[in-house]
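Visitor: I should like a close look at one part of this structure. Please take a single strand and its partners, and then set that part in its wider surroundings.

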Amino acid sequence: MVDNLVATLRSHSPLIHCITNYVTVGDVANVLLACGASPVMADDAQEASEMASVAAGLCLNIGTLNSRTIGSMLLAGKAAAQRGIPILLDPVGVGATPFRTRTAMRLLKELPVAVVRGNLSEIKAIAGVGSFVKGVDAGALDVVTEENLSAMIEFCRRVARSLSCTVAVSGAIDLISDGQRTFIVRNGHPIMPRVTGTGCMLSGMTTAFLAARPEDVTEAATAAYAVMGLAGEIAHQALAPNQGTGTFRSNLIDAISLMDDATLQAGMKVELR
Amino acid sequence: MVDNLVATLRSHSPLIHCITNYVTVGDVANVLLACGASPVMADDAQEASEMASVAAGLCLNIGTLNSRTIGSMLLAGKAAAQRGIPILLDPVGVGATPFRTRTAMRLLKELPVAVVRGNLSEIKAIAGVGSFVKGVDAGALDVVTEENLSAMIEFCRRVARSLSCTVAVSGAIDLISDGQRTFIVRNGHPIMPRVTGTGCMLSGMTTAFLAARPEDVTEAATAAYAVMGLAGEIAHQALAPNQGTGTFRSNLIDAISLMDDATLQAGMKVELR
Amino acid sequence: MVDNLVATLRSHSPLIHCITNYVTVGDVANVLLACGASPVMADDAQEASEMASVAAGLCLNIGTLNSRTIGSMLLAGKAAAQRGIPILLDPVGVGATPFRTRTAMRLLKELPVAVVRGNLSEIKAIAGVGSFVKGVDAGALDVVTEENLSAMIEFCRRVARSLSCTVAVSGAIDLISDGQRTFIVRNGHPIMPRVTGTGCMLSGMTTAFLAARPEDVTEAATAAYAVMGLAGEIAHQALAPNQGTGTFRSNLIDAISLMDDATLQAGMKVELR
C-alpha cells in the first residue's frame, strides 16, 4: 500500500461530483471535506454532464433513487467515462425493490464503473445471488466472518471478474477485490452501522481516494476503508460513558479530519490475499 | 404502560419506511437507529408500494411536501393498509398553505392512519378550528398549559373520535388521545423546539414504537413521547455552560441511543385521564 | 452599526422562507433557529407563493438547483416582492455550469434581490468577470487579501451599483457593499470552509438579519457576517486537540445560539470604508 495517500489527497483536493441520496448527503459532503477533497452535489440533467466533466471522481448512490435523477446519473457517468475519471457505484438497498435492482444493473451495464461498494446483501443482490436484504441494511445472515472468510473472498473475486471492476464489501470484516488481489480490512467498530450513512460517507471518501490514485483503484479503495474503520475506532474511544451515537457521529468526522498517513500506517489492519 | 417496550423495540428492530422532508431526514434516520429500529427512506412512486410492503411501520411527513411524492405517499399508505401495518401522519405546517391542508386531509381520508402527530396549531388546522400557525412552528397562542388542560384534553378526544384515530399533540405538555383514554406527558425541555426536527424525529420514533406494539398504538405513542421528552431532559443536563443547541442535538441522539426501560420507567412523567 | 440587532431578531423571531439545497438545509434551519428566527422550507410551485407571502424574508440558494424548483423560486420571489420583504440570493456554484449561470442571472433580472451573497468566484461569475470557480468552492486565486483589498472593494462597489443591490462576499476577509458604503469584516477562522454549508448557513442567517432590519440591509448583512465569523472563532477556541471539523460544526451552532449583542460588540472586527 502506498504510504502517503492521505497527504496526496489533501494536497490535490480533488473535486468529487456526487449524485447521492438526501438522507446522508450533508455527512457525505462533510466527510469529503474532512479527508481533503472538495464535494459538489449536482443532480439535474441540465448540468450533470458538465459538472462531471470538471470533477476528478464521480460517486453515484441510489439511496433515495428517483425517476428524475436516473437520467442525470447516466449523463454524469458518460461524461466521466469520456474523461476517464473513476466512477464509484453505491447500490444502496439493491434487491429491496425491483426499481433499485433494475436501475443498479442498468448503471453497471452502461457505465464503466471502477468500484461497486456496498454491504454483503447488496453485493449478493448485484451478483444475482439470494440475499437477506432488509431495507437498506444488510440482512442478519449476510455477514463476513473469520469462519466463512475464504468462501466470501472467492465470492468477491468471482463478482469482480464478472463485472470487470473492483468490488468492495463493508461489514465487520471488509473485503476489496479486483478479481485477482483481495484486501481484507479488519478496522472498525460495531457502533458504526448504528449511525446512518457510514456506508454513504465511505462511498464518498472512497471516490476521493480513487481520484487521488486512479492508477490502482483497488489499493485506493482499501486505503479509504482503512481510514474509515480506523476513524471509527478512534471516534468510539473518545466517547464518554454518557455519550452515544450522536456524539459518535461528530467524533467520526473529527477523526477523519485529523487523519494523517502516520496514524493510518500505525493503525490500519490490512491483509492481502 | 408496558414496562419492556424499549427492549422489545431493540430486539425486533422493525423496518420503518419514511416518506419525509429533506430538512430533517438524516436526524430522523439517526433517531430511528438510536431507538433500535431500521430506517428506510424511499419516495419514488416506482417503489413506494413495494418498500412499504416489507416494512413494519410507515411514517408520512409533509414538511417539504411536493407534487412528486403525494402519489408515493398514497401508494405506500395503501400497501401499508393492505398489510395492516401502522401508519403515522405528521402534517407539518398544515394550515400554513391550502396545498398542505388539502393534502393532509386527503391522506387522512384515503388512508387508515393510526396516529396523527403534530403541534397544537397543526392539530387545530386538521380539526378545522382556527389556529395561529406560523410556518411550521406552533403559534404563540397554541399552547397546552395546566390552565387549559381539561379543555385541551376534551379537544383532543373530540378530534380523535372524529378522525377515528389516535391524536398526539406535542408541546410543553404532550397529549395523546384515542378518544377514550388520554395520556398526558410532562417530560421535555424548552430548548427542544430550538433544534429543527425534534417533531419529525418524534414522528419517526413514534412509528417505530407503533411497530413494536401495534396492538395498542396509543400506549405505544405515549411511550415514544416519554422517551423523547426524557431524552431531551438528559441531553440538556449534559450541556456545559458554553454549549448550546448544536451540542444539544448530538446529546439528544446520545440519550435516545442509551435509553433503556429502567431509565424510562424512572424518569417518565405520564398521567392517564 | 445598530447595537441591539441580535436582541431585536430574537424578540421578533421572523419567519424565513428558504428554497435551498438539500445538502445543508438542516444546518440552515438550525442556524436560523439558533439566531432566533423561525425557518420554513417549502419549494413546491403549489405553495411557494403563499409561503413567501406570510414570511418576513426569502432566501434563495441554488446549491442543488433543479428544473422543478426554478419556477418555485420565481413565484416565491414575486410574492416577496409584492409584499416588500427582503430577498437574498446565494448563487452557489454559479459559473461552474451554464445552467447555474443562466438561472442566477434570470433570478437577478426578474426579482428585486436585496442582497447577493457568495464567495469571490461566485460574485465574479455574476459580474461576468473570469473566475477560478471549482465546483461550489472559491478558486484558489479568488481571495480577498490585505494586498488587493482596495481593488476588491472597488470591484464590489461596481457590482453592487450595476446590480442595484447589496453585494456580500465571504472569505478570509468579508466585504459587504451597497455601491456607496463598503463594510469590511475580519472575523472568522480558516477551519470554517472545511465544514460544508457555512456559506449556506450564513445566507440563511443574513436573511433573518435583513428581516430584523429591512431599512438598512447593508448594515444588517454586515452584522450577520460578524456574528458568523465571531461564532467561528468561539467555536474553534472551544475545540480540544483531538477534535476536528465534526465537533466544530456543533460548536458553531452552539456559539450562534448563545450569541448576544454584548458578545458581538466586543468581538466584531468591522471597518467601514
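Guide: The account below begins with one strand of chain B and then moves outward to the sheet, the fold and the contact between chains. The model is a predicted one.

The strand chosen is β8 of chain B, which covers residues 182–185. Thr182(B) and Ile184(B) point to one side of β8(B), while Phe183(B) and Val185(B) point to the other. In a regular strand, side chains alternate between the two faces of the sheet. All four of these residues of β8(B) are buried.

On one side, β8(B) has strand β7 of chain B, residues 174–177, as an antiparallel partner, and the pairing runs over four bridges. Within this pair, Phe183(B) of β8(B) has Ile176(B) opposite it. The two strands β7(B) and β8(B) make up a hairpin, with four residues lying between them. The turn of this hairpin includes Gly179(B), whose phi is positive at about 100°.

The strand β8(B) also pairs with β9 of chain B, residues 270–272, again in the antiparallel sense, here over three bridges. Phe183(B) takes part in this pairing too, with Leu272(B) as its bridge partner in β9(B). Phe183(B) thus stands opposite Ile176(B) and has Leu272(B) as a bridge partner in β9(B).

The whole sheet may be described in chain C. There, nine strands form an open sheet in the order β2-β1-β3-β4-β5-β6-β7-β8-β9, and the pairing is mixed. Its edges are β2 (38–41) and β9 (270–272) of chain C, each of which pairs on one side only. From one strand to the next, the twist averages 20°. A parallel pairing is found between β4 (residues 87–90) and β5 (residues 115–119) of chain C, over two bridges. In that pair, Leu89(C) has Val116(C) of β5(C) opposite it. Helix α6 of chain C, residues 120–127, packs on the sheet and touches β5 and β6 (166–170) of chain C. The direction of α6(C) makes about 125° with that of β5(C).

The overall fold can be taken from chain A, which has 11 helices and nine strands. Its radius of gyration is 17 Å, close to the 19 Å that the globule rule gives for 273 residues, so chain A is as compact as a globular protein of that length. The C-alpha trace of chain A spans about 45 × 40 × 35 Å along its principal axes. Of the 273 residues in chain A, 66% count as buried. Among the helices of chain A, α2 (residues 25–35) and α8 (residues 198–212) have axes that come within 8 Å and cross at roughly 40°. This crossing of α2(A) and α8(A) is right-handed. Residues of α2(A) that meet α8(A) include Val28(A), Val31(A) and Leu32(A), and those on the α8(A) side include Met201(A), Gly204(A) and Met205(A).

Finally, chain B has neighbours of its own. A rotation of 120° with 0.0 Å of shift along its axis superposes chain B on chain C, with an RMSD of 0.0 Å. This is the relation of a three-fold axis. The C-alpha of chain B nearest the axis belongs to Tyr22(B), at 3.6 Å from it. The contact between these chains takes 28 residues from chain B and 28 residues from chain C. On the chain B side, α2 (25–34), α5 (98–110) and α10 (245–258) each supply at least two residues. Of the elements on that side, α10(B) gives the most, with four residues.

Key: Residues are numbered from 1 along each chain as its sequence is written. Chains are lettered from A and ligands numbered from 1 in the order in which they are written. This is a predicted model: local features need pLDDT of at least 70, side-chain atom pairs count only at pLDDT 80 or more; totals for chains, interfaces and linings use all residues. A residue is buried if 20 or more other C-beta atoms lie within 10 Å of its own, exposed if 12 or fewer, and partly exposed in between; C-beta atoms are placed from the backbone. Two strands pair if DSSP finds at least two bridges between them. The radius of gyration is taken over C-alpha atoms; the globule rule is 2.2 Å times the number of residues to the power 0.38. Copies are superposed by least squares on the C-alpha atoms of residues with pLDDT of at least 70 in both. Axes are lines fitted to C-alpha atoms, for helices over the stretch in contact, and angles run from 0 to 180 degrees between N-to-C directions. A crossing is left-handed if the near helix is turned anticlockwise from the far one by less than a right angle, and right-handed if clockwise. Two residues are in contact if their C-beta atoms, placed from the backbone, lie within 7 Å.
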